[in-house]
Amino acid sequence: MASPLPPLRKAAWVVEAALRGHQKDWTQQGPLELQKQEKIHTAPNFGQPQMLRLHRRPKHPRRGTPRRNELDLCTFIRVPLTTKGAMEKIEDNDTPVCIVEVKANKQQIKRAGKKLHDIDAAKGNALTRPRGGKEVCV
């Protein structure tokens, strides 16, 4: 197949393309400057081709209703404890003892006690019971 350009003109075009960085595959053609060199990878991870990642546009929500916050102030303090030891603490030290939500921390329990029962707690002693409950002396 005959080339559309004369030989000298084609060589000039190849040099210009090589300088612009548009090398095709001139591996075994022409002088060494125009031969395609293998890339030496020095980085530990090679660049992968970037894919088109579209945002999700669902036709309907996956849940029928939004999820309810299960840990609110009304659920932190469950019931007051009415055992003999708890009643002694209430009478002697004015410290109410309550069964509370296991996932609640001391700050949340103090906040719930202040808002719901008007209890100003300087300190709260928390005890995780052997059967899985949590008990707090406020």
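Q: Is Glu 101 buried or exposed in this predicted model?
A: The relative accessible area of Glu 101 is 15%. Buried means under 20%. Glu 101 therefore counts as buried.

Q: Which side chain meets Glu 101 in a salt bridge?
A: A salt bridge needs a side-chain nitrogen of Lys or Arg within 4 Å of a carboxyl oxygen of Asp or Glu. For Glu 101 the N to O distance is 2.7 Å. The partner is Arg 78.

Q: How many residues apart are Glu 101 and Arg 78?
A: The pair links distant parts of the chain. Glu 101 sits in the loop between β2 (97-100) and α4 (106-117). Arg 78 belongs to strand β1 (residues 77-80). The two are 23 residues apart.

Q: Is Arg 78 buried or exposed?
A: Exposed means over 50% relative accessible area. Arg 78 has 51% relative accessibility, whereas Glu 101 in the bridge has a relative accessible area of 15%. Arg 78 therefore counts as exposed.

Q: How many salt bridges does the count come to?
A: Glu 101 and Arg 78 form one of them. Asp 120 and Lys 114 form another, with their closest N and O atoms 2.8 Å apart. Arg 129 and Glu 135 also meet in a salt bridge, at 3.2 Å. The count comes to three.

Q: What is the relative accessible area of Asp 120?
A: Asp 120 forms a salt bridge with Lys 114. Asp 120 is exposed, because its relative accessible area passes the 50% cut-off. The value is 63%.

Q: Why does Glu 135 count as buried?
A: Glu 135 lies in strand β4. Its side chain makes a polar contact with that of Arg 129, a residue that is partly exposed at 33%. Glu 135 itself is buried because its relative accessibility falls under the 20% cut-off, at 14%.

Q: Which side chain of opposite charge is nearest to Lys 134?
A: Lys 134 is in strand β4 (residues 134-137). Lys 134 is buried yet has no salt bridge. The nearest side chain of opposite charge is 8.9 Å away, and it belongs to Glu 101.

Q: Which residue offers the backbone oxygen that the side chain of Lys 134 reaches?
A: Beyond its neighbours within four places in sequence, Lys 134 is in contact with residues including Cys 98, Val 100, Ala 104 and Thr 128. Its side chain reaches a backbone oxygen at 2.8 Å. That oxygen belongs to Ala 104.

Q: How many bridges join β3 to β4?
A: The two strands run antiparallel. In one facing pair, Asn 125 stands opposite Cys 137 in β4. The number of bridges is four.

Q: Which residue in the turn between β3 and β4 has a positive phi?
A: β3 and β4 form a hairpin. Five residues lie between them. The residue with a positive phi, about 110°, is Gly 132.

Q: Which residue in the loop between α3 (84-93) and β2 has a positive phi?
A: Most residues other than glycine have a negative phi. One residue in this loop has a phi of about 55° although it is not a glycine. It is exposed, because its relative accessibility is 63%. The residue is Asp 94.

Q: What is the phi of Asp 118?
A: Asp 118 is found in the loop between α4 and β3 (125-128). With a relative accessible area of 66%, Asp 118 is exposed. Its phi is positive, though the residue is not glycine, and is near 55°.

Q: Which elements each supply at least two residues of the largest nonpolar core?
A: This core has nine residues, among them Phe 76, Cys 98, Val 100, Ile 109, Ala 112 and Val 136. Phe 76 is in contact with Val 100, Ala 104 and Ala 112, among others. The elements that each supply at least two core residues are β2 and α4.

Q: How many residues make up another core, apart from the largest one?
A: Leu 81, Val 97, Ile 99 and Cys 137 are among its members. Leu 81, Val 97 and Ile 99 are also among the contacts of Glu 135. This core has five residues.

Q: What pattern does the protein follow along the sequence?
A: The protein has four helices and four strands. Of its 138 residues, 18% count as buried. The pattern is α-α-β-α-β-α-β-β.

Key:
Residues numbered from 1 in each chain as written. Predicted model: local features only at pLDDT ≥ 70, side-chain atom pairs only at ≥ 80, totals over all residues. Heavy atoms only, no water. Buried < 20%, exposed > 50% of the residue type's maximum accessible area, 1.4 Å probe, protein only. Lys, Arg positive; Asp, Glu negative; His and termini not counted. Polar contact = N/O pair within 3.5 Å; in protein donor to acceptor, adjacent residues only side chain to side chain. Contact = heavy atoms within 4.5 Å. Pairing = 2+ DSSP bridges. Core = buried A, V, L, I, M, F, W, Y, C linked by side-chain atoms within 4.5 Å.
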